[in-house]
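These comments are meant for a colleague who is meeting this structure for the first time. Please read the points below with the sequence and the model side by side.

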There are 2 protein chains.
Amino acid sequence: MSLATDAADKPTLYKRIRADIEKRILTGEWPPGHRIPFEHELVARYGCSRMTVNKALSELAQADLIERRRRAGSFVRRPQHQSAVLKIADIRAEITALGRGYGYELISRKLRAATAADRERLGVKKAGKVVSIACRHSADNVPFAVEDRLIDLASVPNAATADFSREPPGSWLLHHVPWTEAEHTISAIVADDRTAEALDIAVGAPCLVIDRYTWRSARTITAVRLLYPGDSHRLVARFKGG
Amino acid sequence: MSLATDAADKPTLYKRIRADIEKRILTGEWPPGHRIPFEHELVARYGCSRMTVNKALSELAQADLIERRRRAGSFVRRPQHQSAVLKIADIRAEITALGRGYGYELISRKLRAATAADRERLGVKKAGKVVSIACRHSADNVPFAVEDRLIDLASVPNAATADFSREPPGSWLLHHVPWTEAEHTISAIVADDRTAEALDIAVGAPCLVIDRYTWRSARTITAVRLLYPGDSHRLVARFKGG
DNA sequence: TACGATTATATGTCTAGACATATAAGTCAA
DNA sequence: TTGACTTATATGTCTAGACATATAATCGTA
């Protein structure tokens, strides 16, 4: 029988079933489109109840490894190369995680009625007030990134009185705004005069640009543009698991 | 009772429980760290069995929205701003999705014993054979990206005989290699002479660089570097759900 | 042959229990 | 006060059933 052949750390049964199937998919033994055994077959093979194999298969389905179709069975999905998880850390956390000294400097902070450009950038229609912030992050006193941010006060009223001279707006928002969705756009530019000076790099040096729009259930919260020296900063995105 | 008050499309009970909790987290009513009701409390509230609420909570845990701790309860996790889903499409699919004409051109293909540099790039120790490919993708006859790829023949032996003069190696691999993991590193550079010529842009223009390493259960499959004109190409990463 | 109705079946959801297990919290002794 | 021991409890896993439901396959009819 297949019980307890390698039960060194004794994983639970449904996890073993899940791992067994995952392995066959990973090795290519069961290629995309392959129909994996029916629940009742797995029940027979593992000698357990249907709920147990159902739990294993449900998790595989939730992780997009298999697709389940009523009456037809469960099928291996084709790999989705295009989907990767990108970890864009809070800058302060990122720098301290690297064991380097974090520095922050507020360059400007303005409270104003939203201009047409502001409204377009935030994707809102109604007029309202915004806070515009420019600041700089540094690691061991070397410029790390410059930030240009707009906060919609209609969504985050107490940002009007927050003290951004000490706390970076990203960290402040992280701790004061509950749950958010965000969209990041990544591109590359070359440094103009102002950027080059702020980042202490040469004019014409490559910069990585992250534009991030954050909202909560259709309410825009903030729009931010981050500029990093392109030759020293890298973003890592990992596909599926790990 | 709470049954069927808005059962327009009649979602199942466990899904309704999950949605209810998700909503409270999203709105901030239950902030990060908040302990959500115990299973037995939800059982009482919804008048169902524990397995049903357990299924709802398990899925929320699998989606990283909550954290479950034995004896302590289940807690709302803090939003992970840094985690975003980046969709890096197959280039051909991306271009055709834009409604533009896809063009592909093989620049060079070499089969050789892995050099020390190849081995380092692939992250393998043993000597073996590799295929080195350079090619160019274009949209409506305008250069879209240049690709520089290395395939480990120890992992993908039939890549030795694949015809990459017609089919891009990315598409070929997608259809011939079962399931993979990948890591993407995104950075910015300025175009050197060779890159500028290949992409038909000016020397010194910004380029977005994607380095992708693909493997399957610790076996390296391929390493690829993609160079895009930085001012025209953008990567979009969306955070959590949607 | 084409189409509509029927049937068989695999998954979807749910129950009312059970025992296992990690651990927060309380208890007691050094 | 501190550390070791005990206990209570919430989650983790599992069972042996049940009925619901979507749909592939079959059958019958035009």
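1. In this predicted model, a polar backbone atom of B:Glu39 lies 3.0 Å from a phosphate oxygen of DNA strand D. Two further polar contacts to phosphate oxygens of this strand deserve a look: one comes from a polar backbone atom of A:Leu13, at 2.5 Å, and the other from an N or O atom in the side chain of B:Arg68, at 2.4 Å.

2. Around DNA strand D there are 25 residues, and the closest of them are A:Leu13, A:Thr52, B:Arg50, B:Arg68 and B:Arg71. Of the atoms of DNA strand D that come within 4 Å of the protein, 65% are accounted for by sugar and phosphate. By class, the residues of this surface comprise twelve charged, seven polar and six nonpolar.

3. Which elements build the surface near DNA strand D? At least two residues each are supplied by helix H1 (13-26) and helix H3 (50-62) of chain A, and likewise by helix H2 (39-46), helix H3 (50-62), strand E2 (66-69) and strand E3 (73-76) of chain B. The element that gives the most is H3(A), with four residues.

4. Turning to the other strand, 25 residues surround DNA strand C, and those that come nearest are A:Met51, A:Arg68, A:Arg71, B:Leu13 and B:Thr52. Sugar or phosphate makes up 65% of the atoms of DNA strand C within 4 Å of the protein, while the rest belong to bases. The surface near DNA strand C is divided into six nonpolar, seven polar and twelve charged residues.

5. The polar contacts of DNA strand C involve residues of both chains: an N or O atom in the side chain of A:Arg68 is 2.4 Å from a phosphate oxygen, and a polar backbone atom of B:Leu13 is 2.5 Å from a phosphate oxygen. A base is reached as well, since a polar side-chain atom of B:Arg70 lies 3.3 Å from a base oxygen of DNA strand C.

6. For the surface near DNA strand C, chain A supplies at least two residues from each of helix H2 (39-46), H3, strand E2 (66-69) and strand E3 (73-76), and chain B does so from each of helix H1 (13-27) and H3. Here the largest share, four residues, comes from H3(B).

7. Is B:Gly73, a residue of strand E3 of chain B, buried or exposed? B:Gly73 counts as buried because its relative accessible area is 14%, which is under the 20% cut-off. Leaving aside residues up to four places away in sequence, B:Gly73 touches B:Phe38, B:Glu67 and B:Arg68. B:Arg45, by comparison, is 28 residues apart from B:Gly73 along the chain, and the C-alpha atoms of the two are separated by 17 Å.

8. Two packed helices are described by the angle between their axes and by the distance between those axes. For H2(A) and H3(A), the angle is about 115° and the axes are 9 Å apart, and H2(A) passes H3(A) in a right-handed crossing. On the H2(A) side the contact is formed by A:Glu39, A:Leu42 and A:Val43, which meet A:Arg50, A:Val53, A:Asn54 and A:Leu57 in H3(A). By class, this contact has four nonpolar, one polar and two charged residues.

Notes
Residues are numbered from 1 along each chain as its sequence is written. Chains are lettered from A and ligands numbered from 1 in the order in which they are written. This is a predicted model: local features need pLDDT of at least 70, side-chain atom pairs count only at pLDDT 80 or more; totals for chains, interfaces and linings use all residues. Side-chain values use heavy atoms; hydrogens and water are left out. A residue is near a molecule or strand if one of its heavy atoms lies within 4 Å of it. A polar contact is a pair of N or O atoms within 3.5 Å; within protein, one must be able to donate a hydrogen and the other to accept it, and residues adjacent in sequence count only if both atoms are side-chain atoms. Ala, Val, Leu, Ile, Met, Phe, Trp, Tyr, Cys and Pro count as nonpolar, Asp, Glu, Lys and Arg as charged, and the others, Gly among them, as polar. Buried means under 20% relative accessible area, exposed over 50%, partly exposed in between (1.4 Å probe, protein chains only). Contact means heavy atoms within 4.5 Å. Axes are lines fitted to C-alpha atoms, for helices over the stretch in contact, and angles run from 0 to 180 degrees between N-to-C directions. A crossing is left-handed if the near helix is turned anticlockwise from the far one by less than a right angle, and right-handed if clockwise.
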